[in-house]
Amino acid sequence: MTIQSKTNYLTFNGRADHYAGLADLFPGERALVERYRTQFSGDVLDIAIGAGRTTRVLFPPARSYIGIDYSPSMIEAARLGSPAADLRVMDMREIPESLNPAKYDVILISFNGIDYISWQSRETLLFGLRPLLSETGVL
């Protein structure tokens, strides 16, 4: 585990109660959902879900939904609000290998989730996610 990974784990594993209190999409996220309504009603991969703020909105209309977070306590909190959702503890950098060859209509990394990995890891992740998109998918 890198120092950055350990810091993220220790920081956010103890903050699930705070993040569980956030209940709605932010204005920019809401605009994305409205603009890409068709894609959001398809197969959705939601990365860095925290305590499930986006899950509560995106899971119900989706054909399929997978929510990913690095912190076990965040996933536990998200399950309280969306017990039927497919929620997984996973490092986002593992997604391209772990979820390939699945295809998604939407891959969302909301809020500032991508900021918790290095610049080089971001670039690698974003290039790795592109092949997971459906023909009309959005990232």
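# A tour starting from Asp-43

Select Asp-43 first: leaving aside residues up to four places away in sequence, Asp-43 touches Arg-63, Ser-64, Lys-103, Tyr-104, Asp-105 and Val-106, where contact means heavy atoms within 4.5 Å. The model is predicted: local features need pLDDT of at least 70 and side-chain atom pairs count only at pLDDT 80 or more, whereas totals for chains, interfaces and linings use all residues. Residues are numbered from 1 along each chain as its sequence is written, and side-chain values use heavy atoms, with hydrogens and water left out.

**Stop 1: Asp-43 and its partner**

Asp-43 belongs to strand S1, residues 43–47. Helices (H or I, at least four residues) and strands (E, at least two) are DSSP runs numbered from the N terminus. Is Asp-43 buried or exposed? Its relative accessible area is 17%, and Asp-43 is therefore buried; the classes are buried under 20% relative accessible area, exposed over 50%, and partly exposed in between (1.4 Å probe, protein chains only).

Now display the side chain of Ser-64, which makes a polar contact of 2.6 Å with the side chain of Asp-43. A polar contact is a pair of N or O atoms within 3.5 Å; within protein, one must be able to donate a hydrogen and the other to accept it, and residues adjacent in sequence count only if both atoms are side-chain atoms.

**Stop 2: the salt bridge of Asp-105**

Add Asp-105 and Arg-63, which form a salt bridge with the closest N and O atoms 3.0 Å apart. This pair links distant parts of the chain, 42 residues apart: Asp-105 is in strand S4, and Arg-63 is in the loop between helix H5 (55–58) and strand S2 (64–69). A salt bridge is a side-chain nitrogen of Lys or Arg within 4 Å of a carboxyl oxygen of Asp or Glu. Asp-105 is buried at 11% relative accessible area, whereas Arg-63 is exposed at 60%.

**Stop 3: two further salt bridges**

The structure holds seven salt bridges. One of them joins Arg-93 to Asp-91, with the closest N and O atoms 2.6 Å apart. Returning to the earlier residues, salt bridges that share partners join Asp-43, Arg-63 and Asp-105 into one network. Arg-93 is partly exposed, with a relative accessible area of 31%; Asp-91 is buried at 13%.

Select Asp-24 and Arg-30 next: their salt bridge has its closest N and O atoms 2.8 Å apart. Asp-24 is partly exposed at 41% relative accessibility, and Arg-30 is partly exposed at 32%.

**Stop 4: strand S4 and its neighbours**

Colour strand S4, residues 104–109. Six of its six residues are buried, so S4 is largely enclosed by the rest of the structure. S1 and S4 run parallel and are joined by four bridges; two strands pair if DSSP finds at least two bridges between them. Leu-45 stands opposite Ile-107 in S4.

Strand S5 (residues 133–138) pairs with S4 in the parallel sense over two bridges, and Val-106 stands opposite Val-138 in S5. From S4, the chain crosses through helix H8 (residues 119–129) to S5 in a right-handed β-α-β crossover. Right-handed means that, with the strands pointing away from the viewer, the path from the first strand over the helix to the second runs clockwise.

**Stop 5: the whole protein**

Finally, show the full model, which has eight helices and five strands. Along the sequence, the pattern is α-α-α-α-β-α-β-α-β-α-β-α-β. Of the 139 residues, 47% count as buried.
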